[in-house]
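User: I am new to this structure. Please take a close look at its pockets, and then at the aromatic rings and cysteines.

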Amino acid sequence: AMSATGDFSSVSFDAISGEREQGTLKLLLSFPVPRSTVLFGKWLGGLITLSIPFILSTLCAAIWVLLSAKVKFSGEEWLAFLFIGIASLLYIAWMFSASLLVSCWFRSSASSMCMLLFLWVLLILVVPNISPYLAANILPIESAQSVQFKGLKIAKDLQEEEDKGLKAIEEKYHTPRWWRHPKGWIEGVDLVSGTYDRQRQATRAVVDGREAKMQEQIALAQAIGRLSPFASYANIVTTLAWTGPDFGRHLLAVMREYEDRLGPITTQGMKDDLAFGPERIPFFRYEAPPVTRRFMMALMDWILLATGAVVFFLGAYVSFVKREID
């Protein structure tokens, strides 16, 4: 998609302005052909010209995957591959419709080319790259080192509290080691497991607090970045491929559930005086959400790309049909 839309200006910058400048547009419109038909023909022809190289390269990639012994796609992965191809074509349509609108505005092809190059740099390079910095300044977050320091302090404080509690149990039952006394063992295990749960919850609260602010910052960066069609396109692709910010959030939630399952098993084994063998450890399995759910997660970006392509084409249509050709 990037290789195709990277040449959108060379295909469309003089689609209207170039013919107006050369005088051929006035000659073309002297024939009994509606202006809407002329514009739609230019839009469709340019879109096909840009789409054919992308479609051919995508088909070659699909054939390579089918013939490869090392890469095997499941049905879900092929569906994601198809959606990514559709999103790429939609992105091409957005860019070409916008460039056609610019060509309708300007009377000279040089002015049209300069404006399209400016929009290319602004929308494809500047906006997506500056949005994370703007979001970081608007919604700053705590550093990872600060969170790590808080976690270490929580662990240290709770460890000191646990040592005092275990010492009190030893004094209570007059034993040099709390685990040597039957009742001391029960109370000690309860104390240790309780301390472990408190530490896990307190540390998680600190980490989750930073994670929540980070997600707010990412959401703000995505909102600012959506001024660029490339940001919306990239979000669709990374969501479908499950490599974007949503993957991190989902993985963290699954890991939290696994921790919650693992903790009680560990402490219960201590109470029952059971050996903590590998067979007692719950199996960790991560599965990505279905492709249809990933599609819906990026629905806003799909709408923005589709709406942009339609709005810019309609803008070009109104500009071309209503303006005088001189």
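Analyst: Start with the lining of the largest pocket. It is made up of 14 residues, and A221, Q222, A231, A234 and N235 are the ones nearest the pocket centre. Keep in mind that this is a predicted model. The volume of this largest pocket is about 270 Å³.

Which helices build the wall? α7 (109-138), α9 (182-225) and α10 (229-241) each give at least two residues to the lining of the largest pocket. α10 supplies the largest share, with 5 residues. The lining is mixed in class: 7 residues are nonpolar, 5 are polar and 2 are charged.

Now the second largest pocket. Its volume is about 170 Å³. Its lining counts 12 residues. W94, A98, L119, L123 and F312 lie nearest the centre of this pocket. Two elements give two or more residues to this lining, α6 (75-105) and α7. The largest share comes from α6, with 7 residues. By class, 11 of the lining residues are nonpolar and 1 is polar, while none is charged.

Helix α7 therefore appears in both accounts: it is named for the lining of the largest pocket and for that of the second largest pocket.

Next, the aromatic rings. The model has 15 aromatic pairs. Take Y91 and F230 as one of them. Their ring centres lie 6.4 Å apart and their planes meet at 55°, so this pair is tilted. For that label, the angle must be neither under 30 degrees nor over 60. The pair also links distant parts of the chain. Y91 sits in helix α6 and F230 in helix α10, 139 residues apart.

Are these two partners buried or exposed? Y91 is buried, because its relative accessibility is 0% and the limit for buried is under 20%. F230 has 22% relative accessibility, so it counts as partly exposed.

Other rings group together as well. F40, W43 and F313 form one aromatic cluster. A charged side chain also meets a ring: R35 lies over the face of F320, 6.0 Å from the ring centre.

Last, the cysteines. How many disulfides does the structure hold? The count is 0. C104 is buried, with a relative accessible area of 0%. C114, in contrast, is exposed, with a relative accessible area of 52%. The cut-off for exposed is over 50%, so C114 passes it.

How values were computed: Residues numbered from 1 in each chain as written. Predicted model: local features only at pLDDT ≥ 70, side-chain atom pairs only at ≥ 80, totals over all residues. Heavy atoms only, no water. 1 Å grid on protein atoms, 1.4 Å probe; cavity = no way out; pocket = protein on both sides within 12 Å on 5 of 7 lines; lining within 4 Å. Points joined across faces, edges and corners; volume = space filled by probe spheres on them. Helix = DSSP H or I, 4+ residues; strand = E, 2+ residues; numbered from the N terminus. Nonpolar A, V, L, I, M, F, W, Y, C, P; charged D, E, K, R; others polar. Disulfide = S-S within 2.5 Å. Buried < 20%, exposed > 50% of the residue type's maximum accessible area, 1.4 Å probe, protein only. Phe/Tyr/Trp six-rings, centres within 6.5 Å; stacked < 30°, edge-to-face > 60°. Lys NZ or Arg CZ within 6 Å of the ring centre and 35° of its normal.
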